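Student: Could you take me through one loop up close, starting from a single residue, and then work outward from there? I'd like to see how the surroundings fit together.

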Amino acid sequence: MRVLSWNVCGLDAAVRKTLTALVHRTGADILCLQETHLTPEIPLEAPDSWSVTRADGDSHSCGVLIATRRTIDAIDLPESGGRLAAVRLGSLWLVNVYLPTLGAGTDGERLALRRAWNDRLCAYLAALLREGPVLLAGDLNAVAGELDAAERHSRTAARNRPFRTDDDDVFRQL
C-alpha cells in the first residue's frame, strides 16, 4: 500500500495537475490531502477507479480529503470543521487529520483549542485501535525538533524560540 499525504493549501488546478503526475510516478493508491479549501458547493471529479471521501472546511482554510483505489468498507466523518476524515479499508482504519496550528505568540485560547484537539484525537484513535490497526496521516502542525521545522522557520529562529512542549504535545500523546 502506497500512501501520499500532502498539505496542498488549496486544491487549485495547478495542484491537481501536480497530484496527477505524482500519483502516476509513485504508483500511490491512497491520497490524504489537507487544507483542500473545498466547500460542499465545489464539485470534485475523481477518476473512475478512485473513491473520494472528504470533510469540507471553508474556502479559506481546512478541508481534508482521502482518495483511494481500494475498496472503502466504512466512512467516519466526525464533526471536526473539516479537520478529520477516516475510512476503513478492510481491517485498517486510515485517519487523515489537519490539526490547528499554534503559531507564534500563541494566546491561552488558542493553546486550549489545540490541547482539546489533541485530547479528542487521542481518544478517537484509541477507540479505533480497539477495532484494529490504524494509520494516521495528515498535518499535525507540530514539530518534534529543530530538524523538523520548515525552512520558513529558520534554524536561527528555532534556536531563539525553543520548541514548546505544548507545540509537540500531540507526539507524546500519540
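## A loop and its surroundings

Tutor: Let's start with Ser 61, which is partly exposed because its relative accessible area comes to 26%. Keep in mind as we go that this is a predicted model. Ser 61 sits in the loop that links strand 3 (51-55) to strand 4 (64-68).

So which residue does Ser 61 come up against, 26 residues apart along the chain? That's Glu 35: the two C-alpha atoms are separated by 5.9 Å. Glu 35 is itself a loop residue, placed between strand 2 (30-34) and strand 3. With 12% relative accessibility, Glu 35 counts as buried, whereas Ser 61 is partly exposed. Have a look at the backbone there too: Glu 35 has a phi near 55 degrees, a positive value in a residue that isn't glycine. His 37, in the loop between strand 2 and strand 3, does something you'll recognise, with a positive phi of about 60 degrees although it is no glycine either. The relative accessibility of His 37 is 15%, so His 37 counts as buried.

Back to the loop we began with, and on to cysteines. Cys 62 has a relative accessibility of 7% and therefore counts as buried. Cys 32 is buried as well, at 0%. How many disulfides does the structure hold? Zero, as it turns out. For reference, a disulfide is a covalent bond between the sulfur atoms of two cysteines.

A little further along you get to Val 64, which belongs to strand 4. Val 64 counts as buried because its relative accessibility is 0%. Its C-alpha atom is 6.1 Å from that of Gly 82, and the two residues are 18 apart along the chain.

That brings us over to another loop, the one between strand 5 (74-76) and strand 6 (84-89), where you'll find Ser 80. Is Ser 80 buried or exposed? At 12% relative accessibility, Ser 80 counts as buried. Its side chain reaches the backbone nitrogen of Leu 84 at 3.0 Å. Leaving out residues up to four places away in sequence, Ser 80 touches Trp 117 and Arg 120.

Now for the charged pairs, of which the structure holds two as salt bridges. One of them joins the side chains of Asp 29 and Arg 70, at 3.0 Å from N to O. Asp 29 lies in the loop between helix 1 (13-26) and strand 2, and Arg 70 in the loop between strand 4 and strand 5, so this pair ties together parts that are 41 residues apart in sequence. The two ends aren't covered alike: Asp 29 is buried at 13%, while Arg 70 counts as partly exposed at 34%. Then there's Arg 54 with Asp 56, whose closest N and O atoms are 2.9 Å apart. Asp 56 counts as partly exposed, with 22% relative accessibility. As a general point, side chains of opposite charge can pair when their charged atoms come close.

Here's one stop on the surface. Met 1, Val 3 and Leu 135 form a nonpolar patch, with about 240 Å² of accessible area together. Val 3 belongs to strand 1 (residues 3-7), and at 32% relative accessibility Val 3 counts as partly exposed.

Finally, step back and take in the whole chain. It has four helices and eight strands, and from the N terminus the order is β-α-β-β-β-β-β-β-α-β-α-α. Of the 174 residues, 41% are buried. The accessible surface comes to about 9600 Å², and 52% of that belongs to carbon and sulfur atoms. Among contacts with a separation of 6 or more, 56% are between residues 24 or more positions apart. The loop we started from offers a pair with a sequence gap of its own: Ser 61 and Glu 35 are 26 residues apart along the chain, with their C-alpha atoms separated by 5.9 Å.

Notes. Residues are numbered from 1 along each chain as its sequence is written. This is a predicted model: local features need pLDDT of at least 70, side-chain atom pairs count only at pLDDT 80 or more; totals for chains, interfaces and linings use all residues. Side-chain values use heavy atoms; hydrogens and water are left out. A disulfide is a pair of cysteine sulfur atoms within 2.5 Å. Buried means under 20% relative accessible area, exposed over 50%, partly exposed in between (1.4 Å probe, protein chains only). Helices (H or I, at least four residues) and strands (E, at least two) are DSSP runs, numbered from the N terminus. Patches are made of residues with over 30% relative accessible area and no salt bridge: like charges are joined within 9 Å, nonpolar side chains (Val, Leu, Ile, Met, Phe, Trp, Tyr) within 5 Å. Accessible areas come from the Shrake-Rupley method with a 1.4 Å probe; for residues, only the protein chains shown count as cover. A salt bridge is a side-chain nitrogen of Lys or Arg within 4 Å of a carboxyl oxygen of Asp or Glu. A polar contact is a pair of N or O atoms within 3.5 Å; within protein, one must be able to donate a hydrogen and the other to accept it, and residues adjacent in sequence count only if both atoms are side-chain atoms. Contact means heavy atoms within 4.5 Å.
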